[in-house]
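Visitor: I'd like a close look at one part of this protein: a pocket and the helices around it. Could you walk me through it slowly?

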Amino acid sequence: MSLQQLLFLLCRTVRDYPDFSPSVDAEAIQKAIRGIGTDEKMLISILTERSNAQRQLIVKEYQAAYGKELKDDLKGDLSGHFEHLMVALVTPPAVFDAKQLKKSMKGAGTNEDALIEILTTRTSRQMKEISQAYYTVYKKSLGDDISSETSGDFRKALLTLADGRRDESLKVDEHLAKKDAQILYKAGENRWGTDEDKFTEILCLRSFPQLKLTFDEYRNISQKDIVDSIKGELSGHFEDLLLAIVNCVRNTPAFLAERLHRALKGIGTDEFTLNRIMVSRSEIDLLDIRTEFKKHYGYSLYSAIKSDTSGDYEITLLKICGGDD
């Protein structure tokens, strides 16, 4: 196992369950759902203690044994935010993200924050899988829907990200970083008007390690942080998107911790964001997100969830969270 794989495993709050048996789990879930009253405790303990890959095997087994879709039975038996969270847990990651994107663009008004969050935090490979899942589920391309729901430079940048063409290599090219920093400087600070296309091209296609170096070079050239230049040169959702990319390049867990903080603070909870980040990052970097949350806000993500949610919904979120800090 490489160091990278080991670090990846250490950042998860949800891991493979030892002695896993999909048929035993499928039967226990069916018993928990069947009959008068639901055994929520049993459902929560199985679905939060299995990895997504294991949950998909349970889904298959459940369909084979009982001729029904597990998600449909969960929908029929549960309700509210708890139902949405449990259904999210049994959905394959790419399909889950595709559905979140669709929801962000459905109906009156577009949820730009959700579009930005998903498209800036997924890898190129994940984006390709999401696009495929989107087409399979909706018989429409993700790009077409983004095009019809957004406009201008914001649309262009989203489409570039949705394409899944960002370089994923960990190697950095110092010469390219200097060149890109110069291009960004000339496209913004050093001209009348801004060349938005250059910002899109560099920020949406270069690898994160490469961009980190580019932003350092940019500061050397302009004596300004890239964040200040973006804020001064750009506006609206396009500005929000580029700032999100910079924040992810510098620290993705901190970016997502800030999203969770916003979802949990003030009156009412943004369950759409809360569910998405908790479920989609539980096997990637939720431990790091917890650390950043505590560091930035002085209290734990666990305690924030505890004070803002209730019932089986709260219990499930706390299990996914994996502990207090």
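Guide: Here is a tour of the second largest pocket, followed by the helix packing around it and one more helix pair. Keep in mind that this is a predicted model.

Let's start with the pocket itself. The second largest pocket has a volume of about 460 Å³. Its lining is made of 18 residues, and those closest to the centre are His84, Phe96, Lys99, Gln100 and Lys103. Sorted by class, the lining holds eight charged residues, along with five polar and five nonpolar ones. As for where the lining comes from, at least two residues each are supplied by α5 (70-77), α6 (80-89), α7 (93-105) and α17 (271-281).

Two of those lining helices, α7 and α17, also pack against each other: their axes are 11 Å apart, at an angle of about 160°. Since angles over 145 degrees count as roughly antiparallel, α7 is therefore roughly antiparallel to α17. The crossing of this pair is left-handed. On the α7 side, the contact is made by Phe96, Asp97, Gln100, Lys103 and Ser104, while α17 brings Phe272, Asn275, Arg276, Val279 and Ser280. Here the classes are mixed, with four polar, three nonpolar and three charged residues in the contact of α7 with α17. You may recognise some names: Phe96, Gln100 and Lys103 take part in this contact, and they are also among the residues closest to the centre of the pocket.

Now take α6, another helix of the lining, and follow it to a partner, helix α20 (residues 311-321). The axes of α6 and α20 come within 8 Å and cross at roughly 35°, and the crossing is left-handed. From α6, the residues His81, Phe82, Leu85, Met86 and Leu89 meet Asp312, Tyr313, Thr316, Leu317 and Ile320 of α20. By class, the contact of α6 with α20 has seven nonpolar residues, two polar and one charged.

One last pair is worth a look while we're on packing: helix α11 (residues 152-162) and helix α13 (residues 196-205). Their axes come within 10 Å and cross at roughly 25°. With angles under 35 degrees counting as roughly parallel, α11 is therefore roughly parallel to α13. The crossing of α11 and α13 is right-handed. Asp153, Lys156, Ala157, Thr160 and Leu161 make the contact from α11, and Glu196, Asp197, Thr200, Cys204 and Leu205 make it from α13. The residues of that contact split into four charged, four nonpolar and two polar.

Terms used. Residues are numbered from 1 along each chain as its sequence is written. This is a predicted model: local features need pLDDT of at least 70, side-chain atom pairs count only at pLDDT 80 or more; totals for chains, interfaces and linings use all residues. Side-chain values use heavy atoms; hydrogens and water are left out. Axes are lines fitted to C-alpha atoms, for helices over the stretch in contact, and angles run from 0 to 180 degrees between N-to-C directions. Helices (H or I, at least four residues) and strands (E, at least two) are DSSP runs, numbered from the N terminus. Angles under 35 degrees count as roughly parallel, over 145 as roughly antiparallel, 65 to 115 as roughly perpendicular and the rest as oblique. A crossing is left-handed if the near helix is turned anticlockwise from the far one by less than a right angle, and right-handed if clockwise. Contact means heavy atoms within 4.5 Å. Ala, Val, Leu, Ile, Met, Phe, Trp, Tyr, Cys and Pro count as nonpolar, Asp, Glu, Lys and Arg as charged, and the others, Gly among them, as polar. On a 1 Å grid over the protein atoms alone, a cavity is a set of points where a 1.4 Å probe fits but cannot get out, and a pocket is an open set with protein on both sides within 12 Å along at least five of seven lines; lining residues have an atom within 4 Å of a point. Grid points are joined across faces, edges and corners, and a volume is the space filled by probe spheres set on the points.
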